[in-house]
Amino acid sequence: MACAGSNYTPGALVESFHRIPHVDINLNASTDVFSVSLNYFQAVIIWACIPILVCVCLYILMSVYFILICCCCCCGVETGKSNASRWACAVLQAVFMLFCLTLVGASFWAEVALDVDITSIISSTNSISNVVNSASLEATRFNASTTTNALNMMQTVANGNSNATSALSNLMSAVNMLDVNFDGIRYNLASLWDTGFSSSLGLIETARHWAVIGYFILMGIVLILILIASLVRKVPFVVVMMVILFFTTLLTWMAVGGSLATLMVTSDICHDPNTAVLEISPTAQGTVGYYLNCNNTCPPPANPFTTQIGIINAENIRIGTQLGYITANQSLRNMVNMSLSTAQMQFTTALDAKQNLFALTGCAPINKAYTDARQSLCNNAILHAVIQFGLVVTLAVCLIVQLFCGGFHAGLVSGPSDDEEVIMDPFGDLTPGMSSTNAWNYRSNTAAARTNPESIPLTPTDQPPPKYSDLTGGTNHRSSGGYDHFNA
């Protein structure tokens, strides 16, 4: 006969990230089976640090690149680029920024989808917590002390009646057995599941989700500002934005490392989720193992609570027999009537608790919640996590390229272009207050002026000649002529 459930098979994404080599700090192979141990998490931490090391190496190369650009600009080396080339570089950088903004938007969508998956996982764990809490409450419904007090009162009243003493002794023995087995179920449930785990997981996920959302919003604002700065083409704006982008890029590469580590741990868990859950719950592996495999194993394993519930059921039958004997005996019923009603109510409560425990501790409620959580984690969540990881890696690479382009653009903005030619007075500023527009300096913005020197306008005769200082310190005017050829 086929099993009602189906065995779990990890997907291709899980297998791909599970195959990442696991090595320790000495680069020796370590276990790839998930466990809460330093030996396992060493490999995870090492892989989380690799993207950060890559980013640091790129920053070192970039620093050398920036130093060369700054030296070229400070030494007055012309870029050899026209004004049109500068605009082309600015537009290209703006288009690149728009692409980065698109990546941020797509990553934002992936994060929202991932949060929905994790919320579904938390909902499933809450279902397990609710079942365990309900079962624990049912196990504590039977108040053994109240029943024992009632039976003691009945024993006192019926003192000397052998029939009553025998019946009450049987009742007392059954009460003790009920108490022991109800307590045993309650303690076993407490070791089965930490009811505070779901709330802790919810708080961690809320903090993680809003931290990631805040990061993407910050990245969007920074990229928009850099887009504006690239179009403004002012060196101070470009430099300030590049400094901000420097730190946000480092933060992005750190996010790459964190995403990679998360994917490694998730894939290792999903490669063999049953073993991972047993590793997390070492104190109740027999009970936990039942709920993990009860729906996909032929034959299904025995319910760990079956023996205790069977004893409770048997003792309830014995209690019912003794209560029936006392109720049928008119003299006994008259003696213990008041205490009998209290005992009967408690035994009815025990019977109801047993029935509810049998339903709650069966395979279906907890196994379904576990299967739903596994489906959300190992299929949906890991898919969106891989999408987000790919987008963040692409964004990190694009930001590095953008830093290089930004430095090149800053060099273009700070240096002179081929459209601007400046010829300075070789004799210095002979007259205080003279500007670059006087007869000793000129600037031509046309290609014809550079190729045909005769087209340069000379000083007309209707303007006063320029002044000069003679050797004696006096100020004289050159004699005016038709044209001042000295000025040419």
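**Close-ups of a predicted model**

**View 1. Aspartate 117 sits in helix α3, which spans residues 83-141.** A quick reminder before zooming in: what you are looking at is a predicted model. Aspartate 117 is buried, yet it has no salt bridge. Which side chain of opposite charge is nearest to aspartate 117? That would be arginine 208, and it is 9.3 Å away. A salt bridge needs the charged atoms within 4 Å.

**View 2. Here are the contacts of aspartate 117 with residues further along the sequence.** Set aside the neighbours within four places in sequence, and aspartate 117 is in contact with Ser376, Asn380, Ala381 and His384.

**View 3. Tyrosine 40 and phenylalanine 41 make an aromatic pair.** The structure holds eight aromatic pairs. In this one, the rings are 5.1 Å apart centre to centre, with 85 degrees between the planes, and the pair is edge-to-face. Is each partner buried or partly exposed? Tyrosine 40 is buried, at a relative accessible area of 0%. Phenylalanine 41 has 29% relative accessibility, so it counts as partly exposed.

**View 4. Tyrosine 290 and tyrosine 291 form another edge-to-face pair.** Their ring centres lie 4.8 Å apart and their planes meet at 70 degrees, which is why the pair is called edge-to-face; the cut-off for that label is over 60 degrees. Both of these tyrosines, 290 and 291, are buried.

**View 5. Phe34 joins Tyr40 and Phe41 in one aromatic cluster.** Look back at View 3 for the edge-to-face pair of tyrosine 40 and phenylalanine 41, then add Phe34 to complete the cluster.

Methods
Residues numbered from 1 in each chain as written. Predicted model: local features only at pLDDT ≥ 70, side-chain atom pairs only at ≥ 80, totals over all residues. Heavy atoms only, no water. Helix = DSSP H or I, 4+ residues; strand = E, 2+ residues; numbered from the N terminus. Buried < 20%, exposed > 50% of the residue type's maximum accessible area, 1.4 Å probe, protein only. Lys, Arg positive; Asp, Glu negative; His and termini not counted. Contact = heavy atoms within 4.5 Å. Phe/Tyr/Trp six-rings, centres within 6.5 Å; stacked < 30°, edge-to-face > 60°.
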